[in-house]
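Please open the model in your viewer and keep the selection tool at hand, since each stop on this tour begins with something to select.

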Amino acid sequence: MYKMTENQLILPDDFFLPFGGKLNKKNRWVVLASFIPWWKFEEEYAKTMKPSSRGQRAYSVRMALGALYIQQKKNLSDRDTVEEITENPYLQYFLGLPEFQEEAPFDSSMMTHFRKRLGPDIINQINESIVMEELSEDDQDDDDSPNDTEPPTSTSSPEGTDTQSNSEQPTNQGKLLLDATCAPADIAYPTDLGLLNEAREKLENIIDVLHAPHRGKRKKPRTYRQKARKNYLSIAKQRKPKAKKIRKAVGKQLGYVARDLKIISVLKEQSKLSLLTKQEYKQLFVISELYRQQREMHSKRTKRIDDRIVSISQPHVRPIVRGKAKAGTEFGAKASISLVDGYALMEKLDWDNYNEGTTLQESAEKYKHRFGHYPKAILADQIYRNRENRAFCKEKGIRLSGPALGRPSKEKAQIQEQLAKLDAAERNAIEGKFGEGKRRYGMGLISARLQQTSETVISMQLLVMNLEHKLRLLFYHFFKRFFGISGKPIWAV
């Protein structure tokens, strides 16, 4: 059961404090609470609830979204998030509570349900709505500013650099920064030998469960688990085992796993698979596919296969080859992100290692849908500069960063070199945004275990970064108004 409540605004002065006093209206959590249009997304959130008038009343969208925001902002676990909320009256006001309470507003297990109910689609919708509202306000402020030298009939782009007449068709304006990154999942570094050993141990536990009703009646099938464990440790404990020894050990573990799978196929006819828990039943299917992949790679002497499983507990995780100096391969979700005036938007999120160059045209179309015109320039790295994207940008009048095809003249070469340096300097903003997300807000290690909740966490991190950027701009505009500072700060680009 869910009841709409977010149309009722709670002011800081109305928040009751049993120990006296009032909330500070300039506190960051009070200001953030006014930034987020909670009521706009309550209807979408209510659709995730079951239409029933019975049962416990569901938590509000402000409670769910606010709790996830606090967790990502402070980079906390589920339990620590609930403890922080219980101890801090400003956080309780941020969640929409009418007064301070000493008891926890919800159990820490509800954090998982919040991530499931909101989902990445609703989070991205909230993020885009807030960004679009902020950019439209910036455009209006630039038009009304007394320091502007543009005619009153002009319209500023999101960057405030290009102008046009109201009677003319919209021209390309602004700059779009594109790049992709990997959000690594919290899994152990996968090896073929380690995965097969883990699969064998889980299969042995499943065999124990299925054989339990027949204990004392039928002889338990032999699994050779002690021998298999000894064979695994003989290689795993070596510091640098030879490739031939590793291959031989993998072959032995494949044999043990195949034997266990055959035993389970016999036991499931004698016992019911309903004896297994939901998690064990899922593991059985994952291990069956893992065995097929490992057997095929072992027989073909290759290390590559489609939809390769690298974690039994998180089978949706895929290896993402990035070619970075720190790690050539990462294991997690690949996210294509665009940056406009310092605000990050999700363009594509996938667990498979796709070519990010294929997202340029779609991102340009989304830019036009959001702002009513194509960008004047798209700043991206070399992988985006294929012939299809070059032809698209030429047709739409968009300048794509990087040198043009063909051999330029000496004069043009010098101009292109200077322009490439400027573009590279501006592209540092999106690289810095990735660094901010991974170092401060947990994008460098996603601790959620489910595919949907992991995607929700990644989308929440973009929302947190955008609202933090908005707070910094608010602080800047305060000094601009009272101290006469003109222009935009470097960190606001």
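Which residue in β4 does Ser 336 stand opposite? Select Ser 336 in this predicted model, and you will find that Lys 348 in β4 is the residue it stands opposite. Widen the selection to strand β3 (residues 329–340) and strand β4 (residues 343–350), which run antiparallel and are joined by seven bridges. The two strands form a hairpin with two residues between them, and in the turn Asp 341 has a positive phi of about 55°.

Next, select Lys 334 together with Tyr 354: the charged end of Lys 334 sits over the ring of Tyr 354, 5.0 Å from its centre. A second such arrangement can be viewed by selecting Lys 470 and Phe 35, where the charged end of the lysine sits over the ring, 4.4 Å from its centre.

Now turn to the aromatic rings, for which the count comes to twelve pairs. Select Trp 29 and Tyr 69, whose ring centres are 6.2 Å apart with the planes at 90°, so the pair is edge-to-face. Trp 29 lies in helix α1 (residues 28–35) and Tyr 69 in helix α3 (residues 61–74), so this pair ties together parts that are 40 residues apart in sequence. Both of these residues are buried. Add Phe 94 to the selection: its ring centre is 5.2 Å from that of Trp 29 and the planes are at 65°, so this pair too is edge-to-face. With Trp 38 also selected, you have the cluster that ring pairs form from Trp 29, Trp 38, Tyr 69 and Phe 94.

Finally, select Cys 182, which is buried with a relative accessible area of 0%, and then Cys 393, which is buried at 1%. The count of disulfides comes to zero.

Notes
Residues numbered from 1 in each chain as written. Predicted model: local features only at pLDDT ≥ 70, side-chain atom pairs only at ≥ 80, totals over all residues. Heavy atoms only, no water. Disulfide = S-S within 2.5 Å. Buried < 20%, exposed > 50% of the residue type's maximum accessible area, 1.4 Å probe, protein only. Pairing = 2+ DSSP bridges. Helix = DSSP H or I, 4+ residues; strand = E, 2+ residues; numbered from the N terminus. Phe/Tyr/Trp six-rings, centres within 6.5 Å; stacked < 30°, edge-to-face > 60°. Lys NZ or Arg CZ within 6 Å of the ring centre and 35° of its normal.
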